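Here's a quick tour for anyone meeting this structure for the first time. We'll start with the aromatic rings, then move on to the core and to a pair of helices.

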Amino acid sequence: MRLYWLNNDGMSGHVWLSPQHVAALADEMSEQGMKLSLAELEPGTRVSPGAVDAALARASGEPRSLDDVKLWQDWLAFLEGAAGHGGLVVG
């Protein structure tokens, strides 16, 4: 899965996630009650900054079920960037 900040500079503001990372992050997001569902995002989908902020409001910096703490913290940092750069676009 490819995700971009709506307003990115071409050098930052994008991630490429393997199916395994999508599944792991989606499970953790669900476990934490975040309303943003990675599993439901289709190419071309836009996620507003407000929706990203709402998801982040529920997030804890410490994962509950995900073993890869760095992946989780990097993901939250990416989402924080998206909230400040126009939201997300699925590529």
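Search the whole structure, which is a predicted model, and three aromatic pairs turn up. Let's look at two of them. Any such pair is described by how far apart the ring centres are and by the angle of the planes.

| Ring pair | Centre to centre | Angle between planes | Arrangement |
|---|---|---|---|
| Trp5 and Phe78 | 6.0 Å | 25° | stacked |
| Trp75 and Phe78 | 5.7 Å | 25° | stacked |

Where do Trp5 and Phe78 sit? Trp5 belongs to strand S1, while Phe78 is part of helix H3, so this pair ties together parts of the chain that are 73 residues apart in sequence. Trp75 and Phe78 are another story: both lie in helix H3, three residues apart, which puts about one helical turn between them.

Are these rings buried or exposed? Trp5 and Phe78 are both buried, and Trp75 is buried too. Put the ring pairs together and you get a cluster of Trp5, Trp75 and Phe78.

Trp75 shows up again in the largest nonpolar core. That core has 27 residues, and the ones touching the most other members are Leu3, Leu38, Trp75 and Leu88. Which elements feed into it with at least two residues each? They are strand S1 (2-5), H1, helix H2 (49-58), H3 and strand S4 (88-90). H3 gives the largest share, with eight residues.

Leu3 is a good one to click on. Leaving out residues up to four places away in sequence, Leu3 touches a whole list of partners, including Leu38, Trp75 and Phe78. Gly13, His14, Val15 and Leu17 are among its contacts as well, and so are Leu41, Val89 and Val90.

Now for the helices. Packed helices are described in a similar spirit, by the angle between the axes and the distance between them. Helix H1 covers residues 19-31 and helix H3 covers residues 69-84; their axes come within 11 Å and cross at roughly 75°. H1 and H3 are therefore roughly perpendicular to each other.

Which residues make the contact? On the H1 side you'll find His21, Leu25, Glu28 and Met29, and they meet Leu71, Trp72 and Trp75 of H3. Sorted by type, the residues of this contact come out as five nonpolar, one polar and one charged.

If you'd like one residue to keep in view, try Trp75: it is part of the ring cluster, it ranks among the core members with the most contacts to other members, and it takes part in the meeting of H1 with H3.

Technical notes: Residues are numbered from 1 along each chain as its sequence is written. This is a predicted model: local features need pLDDT of at least 70, side-chain atom pairs count only at pLDDT 80 or more; totals for chains, interfaces and linings use all residues. Side-chain values use heavy atoms; hydrogens and water are left out. Axes are lines fitted to C-alpha atoms, for helices over the stretch in contact, and angles run from 0 to 180 degrees between N-to-C directions. Helices (H or I, at least four residues) and strands (E, at least two) are DSSP runs, numbered from the N terminus. Angles under 35 degrees count as roughly parallel, over 145 as roughly antiparallel, 65 to 115 as roughly perpendicular and the rest as oblique. Contact means heavy atoms within 4.5 Å. Ala, Val, Leu, Ile, Met, Phe, Trp, Tyr, Cys and Pro count as nonpolar, Asp, Glu, Lys and Arg as charged, and the others, Gly among them, as polar. A nonpolar core is a set of buried Ala, Val, Leu, Ile, Met, Phe, Trp, Tyr and Cys residues joined through side-chain atoms within 4.5 Å. Buried means under 20% relative accessible area, exposed over 50%, partly exposed in between (1.4 Å probe, protein chains only). Rings of Phe, Tyr and Trp (its six-membered ring) pair if their centres lie within 6.5 Å; planes under 30 degrees apart count as stacked, over 60 as edge-to-face and the rest as tilted.
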